Amino acid sequence: MQAVVPKCNGHTVFTQCVRCAHTLTKNVQVVSSKELQQLMQAVQNLYSHNYCTSCCKMLSPKLNLHRNTRLSESHQLPLLLPIANFFNFRCSSTTKPYWKDVVRSVQAATVKMKKMQEPGYYPVTNREMNTDLRRFLSEVGTDPKEARYWLKQFVIGESIRPFAVVQVDPEVFCEKAQLEAFASCISFLHRNSMRPVVILGTDFNENETMKTEDFKISRAKMLGDCIILTSMLELFGTNTRPFFSGSNIVEAVQSSSNSVFGKVSAINSDPIKWCLHSKHVPIIPAVGETPSGQILAVDLWNVTEEISKALQPLKVMKINLKGGFLDEEGHVIPNINLPVDLETVAEKPWYTPEIKSRISRISDLLYQLPSHSSVVITSVDKMLQELFTHRGSGTFFKITEPIHRYHHLEQVDQARLHNLLLKAFGRNLKDGYFEMIQNQLHTLYLSEDYSAAAIILHENSTDVPYLDKFAVSQKAQGEGTGEMLWACVRQDFKQVFWRSRGDNPINPWYFKKSEGSWSNGKWTVFWYGIQYHNTSSLLIDVALEKESSFAS
């Protein structure tokens with residue numbers, strides 16, 4: 001098209017303006033350098049026109065490059081920005097505002113293109129995102145508020161710090177469906193900017209005799225597992241970097257002369273950080289290497305420990321087929337809060353010397369990680385549920401904040417306590433609430449960081465204490481603080497009653513913790529430790545007669 005320089009006189013030449021715009025619109029699907037040149041020529045033709053305001057109003061939507069342009073070559077989009085800027089400056093003062101949108105659109109698309117040029121970028125298709133989303137909602141439940149909370153909590157902005165160090169046990173590789181589910185979970189985390197580091201290997205037992213030939217077989221198995229997992233992750237669109245034997249990631253010292261066993265002495269974290277920065281998933285086989293280059297068999301958990309200490313992740317996960325620790329009845333133990341639960345679990349029948357050793361090692365690791373870090377043992381099919389729900393689905397270990405007992409409100413920061421209750425219940429307390437309960441206060445349980453509280457009151461008409469408030473912040477709910485707080489109440493009080501609104505989402509948890517309940521639709525009254533019907537009837541009446549402590 002030849003450049004035409006007509007004057008916009010009563011729109012007599014507007015058809016020529018539209019022809020130029022049509023040429024531009026036709027070429028916005030840019031897939032080659034030739035078509036880019038055609039687009040640039042069309043833009044230059046448009047420069048030639050001295051548009052009136054009406055023409056600009058009609059033509060500017062056709063130039064929405066941010067929405068319409070599909071550029072397949074990374075060098076193309078930056079070329080358009082100077083053109084759009086020049087176009088903006090050439091326009092008259094009356095038409096310039098309409099072309100500023102074009103410049104903004106190209107600038108936004110340029111930012112997107114720069115992201116596309118970053119190493120490890122993978123454009124997630126709608127189909128892949130929908131698949132991830134469906135599986136995510138299927139596994140963790142359908143509470144969008146809870147899902148958004150955990151996704152927001154766990155996205156880490158640092159490019160070289162992992163979200164999770166994930167140890168996958170060798171048994172997972174024996175079942176293809178489980179391995180595919182594991183790869184899908186890792187891919188989901190990676191796509192949502194929660195960078196994982198994967199460690200795989202064999203559970204070597206240093207106390208057993210292992211011949212060099214047996215170690216070669218184990219190494220070959222690890223190599224095969226590494227290749228299979230890498231292939232599966234890349235099928236899910238996740239770029240990986242497997243570090244095979246001899247990569248000098250895990251430095252080790254030989255346990256004894258002529259032994260194939262070793263102990264991790266240091267971690268070379270620079271290659272792992274490079275992977276995370278380039279948005280690749282590092283896959284690290286659990287084998288050690290001496291300074292002289294000898295390859296040694298090392299304990300799988302020892303490698304996980306040392307890499308976690310070096311990288312300081314938010315989560316350390318041990319993934320297997322059965323899930324977390326099991327009690328004497330075969331049920332998964334949900335939480336072990338350290339160090340407060342150590343005395344309690346030591347009395348349990350399932351607390352074997354092996355479990356004792358594993359808990360001790362987990363405790364030692366947690367004390368060398370950030371205070372908000374945790375260790376989780378769970379199964380493949382429950383990975384996302386463990387991460388993205390308050391209820392979890394494995395054995396969760398964390399160094400928890402102490403819970404203190406108070407008998408006078410003057411001993412605590414009432415403003416912080418009020419803020420906790422406000423956030424937990426989403427409603428304002430009545431003015432003077434603390435003054436009203438001061439004389440009735442039996443015990444106030446309060447976590448050290450004011451993330452959980454339980455208020456127990458005396459009632460004049462009964463000897464059974466009344467649980468007036470039980471509040472746990474959203475973050476603390478996922479850390480087992482609520483369970484620990486409830487354990488303190490149960491330990492100190494043999495009988496307690498309380499009430500809850502009929503639509504309270506925590507009621508299912510209350511039903512599990514109580515030994516009896518009664519409901520009229522508006523209120524549900526709960527209790528435990530009550531043996532006689534006349535006592536429970538009295539407690540129901542007392543609970544229903546209590547005034548609300550919240551402002552209307």
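## Helix H16, the cores and some local features

Just past helix H16, Gly-426 adopts a positive phi of about 70°. This residue is a convenient entry point to the model, which is a predicted one.

Helix H16 itself covers residues 414-425, 12 residues in total. From its first C-alpha to its last, H16 reaches 16 Å, close to the 16 Å expected at 1.5 Å a residue. Three leucines of H16, namely Leu-417, Leu-420 and Leu-421, are buried. They lie on the same side of H16, because they cover an arc of only 95° around the axis. Ala-415 and Lys-423, by contrast, are exposed, and they sit on the face of H16 turned away from its buried side. The packing partners of the buried residues of H16 are helix H17 (433-437) together with the strands S14 (441-447), S15 (452-459) and S16 (462-472). At the other end from Gly-426, where H16 starts, a side-chain oxygen of Asp-413 comes to within 3.1 Å of the backbone nitrogen of Ala-415. Ala-415 thus appears twice in this description: as a residue of the exposed face, and as the owner of the backbone nitrogen reached by Asp-413.

Stepping back to the whole protein, the secondary structure amounts to 21 helices and 19 strands. Buried residues make up 49% of the 552 residues. Contacts between residues at least 6 apart in sequence were also examined, and 71% of them join residues at least 24 apart. The protein exposes about 27600 Å², with 50% of this area supplied by carbon and sulfur atoms.

Turning to the interior, the largest nonpolar core has 40 residues, and the members that touch the most others are Phe-182, Ile-186, Val-198, Leu-200 and Leu-229. Helices and strands both give two or more residues to this core: the helices are H9 (176-191), H10 (212-235) and H15 (383-388), and the strands are S1 (164-168), S2 (196-200), S6 (281-285), S8 (295-297) and S9 (315-320). Helix H9 gives the most, with seven residues. Apart from this core lies another, of 21 residues, which includes Ile-456, Val-472, Cys-488 and Val-496.

Helix H9 deserves a closer look. Its end C-alpha atoms are 22 Å apart, which agrees with the 22 Å that its 16 residues should span at 1.5 Å a residue. The buried residues of H9 include Leu-179, Phe-182 and Ala-183, and also a run from Ser-184 through Cys-185, Ile-186, Ser-187, Phe-188, Leu-189 and His-190 to Arg-191. Leaving aside residues up to four places away in sequence, Phe-182 touches Val-166, Val-168, Val-198, Leu-229, Ile-319, Val-380 and Met-383. After H9 comes Ser-193, whose phi is positive, near 65°.

Two further residues share the backbone feature of a positive phi without being glycine. Lys-279 has a phi of about 65° and lies in the loop between helix H11 (270-277) and S6. Gln-312 has a phi of about 55° and belongs to the loop between helix H12 (300-311) and S9. Lys-279 is partly exposed, with a relative accessible area of 28%, and Gln-312 counts as partly exposed at 26%. Another backbone feature is the cis peptide bond from Leu-338 to Pro-339, where omega is near 0°. Pro-339 is placed in the loop between strand S10 (335-338) and helix H13 (342-345).

Three polar residues round off the account. Ser-549 is found in the segment after helix H21 (533-545), and its relative accessible area of 11% makes it buried. The side chain of Ser-549 forms a polar contact of 2.5 Å with the side chain of Lys-469. Besides Lys-469, Ser-549 touches Leu-429, Lys-430 and Tyr-433, again leaving aside residues up to four places away in sequence. Ser-265, in strand S5 (residues 262-267), counts as partly exposed at 45% relative accessibility. With the sequence neighbours up to four places away left out, Ser-265 touches Glu-251, Ala-252 and Val-253. Asn-248 lies in the loop between strands S3 (240-242) and S4 (250-254), and at 35% relative accessibility it is partly exposed. Asn-248 and Asn-268 are 20 residues apart in sequence, with their C-alpha atoms 6.9 Å apart in space. Asn-268 is also one of the residues that Asn-248 touches, along with Glu-289, not counting those up to four places away in sequence.

Technical notes: Residues are numbered from 1 along each chain as its sequence is written. This is a predicted model: local features need pLDDT of at least 70, side-chain atom pairs count only at pLDDT 80 or more; totals for chains, interfaces and linings use all residues. Side-chain values use heavy atoms; hydrogens and water are left out. Helices (H or I, at least four residues) and strands (E, at least two) are DSSP runs, numbered from the N terminus. The expected span of a helix is 1.5 Å times one less than its number of residues. Buried means under 20% relative accessible area, exposed over 50%, partly exposed in between (1.4 Å probe, protein chains only). The arc is that of the directions from the helix axis to the C-beta atoms. Contact means heavy atoms within 4.5 Å. A polar contact is a pair of N or O atoms within 3.5 Å; within protein, one must be able to donate a hydrogen and the other to accept it, and residues adjacent in sequence count only if both atoms are side-chain atoms. A nonpolar core is a set of buried Ala, Val, Leu, Ile, Met, Phe, Trp, Tyr and Cys residues joined through side-chain atoms within 4.5 Å. Accessible areas come from the Shrake-Rupley method with a 1.4 Å probe; for residues, only the protein chains shown count as cover.
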